[in-house]
Amino acid sequence: MRFIVFLCLLIGLNTINAQPKVIDLKTPDVFVSSVPSDLELNISNLDANSYDNIWFEINGNKVQASWEDEVATIHAEVETRSELKVYENDKLLYEKELTPIPLWMSILPPLIAIIMALLTKEVFSSLFVGLLVGTTIIWRYKGFSLFISLFKGMFSVVDTYALEAINDSGHISIIIFSMLIGGMVALITLNGGMKGVVNKLSRYANSPRSGQFITWLMGLLIFFDDYANTLVVGNTMRPVTDKLKVSREKLAYIVDSTSAPIAAIAFITTWIGAELSYITEGIDQLGLNQSAYQVFLHSLKYSFYPIFTLGFVLLLIVKKKDFGPMYHSEIEARNSSGINTNAVKSAHGANEFDVPDSVKGRWYNAFIPVFVVVVGTISGLVYTGWDSAVWNDTSLPITTKLSEIIGNADSFVALLWSSLLGVVAALTLTLAQRISNLREAMEGMVSGFKTMFNAVLILVLAWSVALITEHMHTAIFITDLLKFLKMSPYWVPVLTFVFSALIAFSTGSSWGTMAIIYPLILPACWKISMEYGFTPEMALPIFYNVVSTVLAGSVLGDHCSPISDTTILSSLASSCNHLSHVRTQMPYALLVGGVSIAVGTIPAAFGISSIWLFIAGFAILYLAVIKLGKST
C-alpha cells in the first residue's frame, strides 16, 4: 500500500514538473526598427534549473537576456521583420514574428502635416491629420487591419496624445499664463490704458518722419502681444499718419514689422510661453542641464532677423528714404490731398480693441500692469532659482551668478505668478477708477481669454505632434538622413532658417511653424553635433543658433505671406489694401532676411562673435538704404 502511495506521489510530481512553460511577449507600445528596445518575455512554470537552459535567438543570432523573477528582458535593435525564438536546451519553446515600424515612417506625421499645411493653408487640420497618420501607423503595426487601425488611431489622438499633452504641469502652466496675459491685454485696452499710451506719444507726431518714428516707438512699447500691438497701433496712428501724408502701406509695414519681431524676442510676451514650451520639449529629449528660459536668453544673440528688422525700419524713418514699390506709395501719399486711394475700410476683427470715446486715455493704466508683470517675472525667477552659495561665491562675476540663478529657476511658476499679478493690477485700476463695473470688467477679461483660444489649440496639437515624433524616434531618422547626406552641424542653422521661412510663408502662421519644426530640429541638431565629434560646449552655440533661427525664419515667412494673420491684421488695422501691403513689404523683408542669413546666421554658426555680426549687418543695411533708397 505504501508503495502505491509513493508511486502516485512520484507520478504527480513528474506531472507538475512536466507542465508546459507559458510565454507571453511584451514589446514597447511603439516598436520602431533600428532603435534599441526592450522585449520582455514573461515565462511561467520555471524551475531553478531552467534559467541556465533557456536561450534566445533573433533571426538565427543568439541574444543575451537579463532575468528578474520569471521575466527575461532582451535589449535588442531589430532592423526588419524578424523571428524571435525561445529554446530550452535544443527544444523550441516559443516563436514569434517581430514587426517593428520602419524608421522612415517616423517622418510621416510631421511631413504630412507640412504638406497639408502647404496645400490647405490651414494649420489646425494639418496638425490633426499628421497626428492621425502617426497613430494609425502605430496600431497597424500592432497587427490590426487598416480600417480598425484608422478608428483606433483617431481615438488615440484624443485619449492618448492630446490627453498626455495636456496632462503636464508645464503645459497647463503655459495655457493658464497665455490666457491670463490675454485677459490683461483686454483689460488695459478697455480701461483706456492703451489709448493713453498712444495719446501720450502721438502728441509728438508733427511731420512724416516723427509720425513714423512714434508709430515705430509704440510698436516697441506694446511688446507683450503681437495682435494687440497690430490692432492698437494701426487703428490709433492711422488718422495721425493720414494727416501727415504717410502712406497706408508704410503705416502697415511699420506696424507689421514691429509687432511680431518685438513679441518674438521680448522677455514677457504671449509668445514666450509657447517658445519655452517648444524649447522644453526639445531639451527634455537631450537631457541638457539648462532651463528653457536659460536657453531662450542665450539664443537672443543669434536673433538676427527680428533685431535687424526693427533696426531697418528705424533706418528708413531716420534717413527719410524708401525704395521699390514702397517709394511709389510714399510719393503718391505725399502728393495727395491726405486721403489714401488704396485705403480700405477695416473689416471684422480690426475694431476688436476699439475703446468708447467716453473712456479717458490714462497711460498708467497700461504701464502699471505691464510693469508688474515684468518685475514680477524677474522676481519670480530670482526667488525660485535662488542659491545663496552661488550668490556668495566671490569668484563668479555677477552675470554668471544671474545666469546660474535663472537657470535653476522655475520659469513657468514665475510667469504664472507675474501674469496673475498683472491681471489683478489691471482689474484693480479698472474698478478703482469706476471705468466699468465688476461684471463688465470680468466679461472683458473673459473676452481676452477667448482671444488666446486659437493659440492654445495650436499648442495642444503641437505638443501632441511632438509626443508622437518622440515615440516614433523621428529625430533619429532626421539625424541619420543628415549624416547620410554628410550635413555639417555648421549648416544646420541656415537650413533651419530657410525651412522655417518656407513653412511660415505657406501656412501664414509663426506659431504653427514653431509647432512643427522645434520638436524635430532641436534633437536632430544636437545629435548631429555629437555624431560630428563636437563636445557639448562646442555644440551649444549651434544649438542656441538653431533655437533662434526657427523663430526668426517663422517671422520672415509671416512677413512675406499674404495669408499670415498678423499681415492681414496689419492691413485691416491700417485700412490698407492687403495686396498693396504685401507687395510693398516683401522687398524689405527679403532684403533683411538675406542679410540675416549671409551676415548673421551662417558666420555665427562658424563661431564669429554676434557683436561684430550685428555691427556688420547694420552697416550693410545702412548702405542699402543710402544706395537703394530715394528721398521721400
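A residue is called buried when its relative accessible area is under 20%, exposed when it is over 50%, and partly exposed in between (1.4 Å probe, protein chains only). By this criterion, buried residues make up 54% of the 632 residues in the protein. The structure is a predicted model, in which local features need pLDDT of at least 70 and side-chain atom pairs count only at pLDDT 80 or more, while totals for chains, interfaces and linings use all residues. Residues are numbered from 1 along each chain as its sequence is written, and side-chain values use heavy atoms, with hydrogens and water left out.

**Overall composition**

The protein contains 27 helices and ten strands; helices (H or I, at least four residues) and strands (E, at least two) are DSSP runs, numbered from the N terminus. With a contact defined as heavy atoms within 4.5 Å, 77% of the contacts between residues at least 6 apart in sequence join residues at least 24 apart. The accessible surface comes to about 28,000 Å², and 63% of this area belongs to carbon and sulfur atoms. Accessible areas come from the Shrake-Rupley method with a 1.4 Å probe, and for residues only the protein chains shown count as cover.

**Strand β6 and its partners**

Strand β6 spans residues 71–76, and its side chains alternate: Ala72, Ile74 and Ala76 point to one face and are buried, whereas Val71, Thr73 and His75 point to the other face and are not. Two strands are taken as paired if DSSP finds at least two bridges between them. Strand β2 (residues 37–43) runs antiparallel to β6 and is joined to it by six bridges; within this pairing, Leu39 stands opposite Ile74. Strand β5 (residues 66–68) is also antiparallel to β6, with three bridges, and Trp67 has Ala72 as its bridge partner. A hairpin is formed by β5 and β6, with two residues between them, and Asp69 in the turn has a positive phi of about 55 degrees.

**Residues with positive phi in helix-connecting loops**

Most residues other than glycine have a negative phi. Two non-glycine residues with positive phi are set out below.

| Residue | Phi | Loop | Relative accessible area |
|---|---|---|---|
| Lys245 | about 60 degrees | between α9 (226–243) and α10 (248–265) | 31%, partly exposed |
| Arg434 | about 55 degrees | between α18 and α19 (438–451) | 76%, exposed |

**Enclosed helical elements**

Helix α24 (residues 536–560) has 25 residues and reaches 36 Å from its first C-alpha to its last, close to the 36 Å expected at 1.5 Å a residue; the expected span is 1.5 Å times one less than the number of residues. Because 21 of its 25 residues are buried, α24 is largely enclosed by the rest of the structure.

Helix α18 (residues 411–432) holds Ser419, which counts as buried because its relative accessibility is 0%. Not counting residues up to four places away in sequence, Ser419 touches Phe177, Leu180, Ile181 and Val373.

**A nonpolar surface patch**

Phe128, Phe144, Phe147, Ile148, Phe151, Met154 and Phe155 make a nonpolar surface patch of about 640 Å². Patches are made of residues with over 30% relative accessible area and no salt bridge, like charges being joined within 9 Å and nonpolar side chains (Val, Leu, Ile, Met, Phe, Trp, Tyr) within 5 Å. A salt bridge is a side-chain nitrogen of Lys or Arg within 4 Å of a carboxyl oxygen of Asp or Glu. Helix α5 (residues 146–166) gives the most to this patch, with five residues. Phe144 is found in the loop between α4 (123–140) and α5, and counts as partly exposed because its relative accessibility is 30%.
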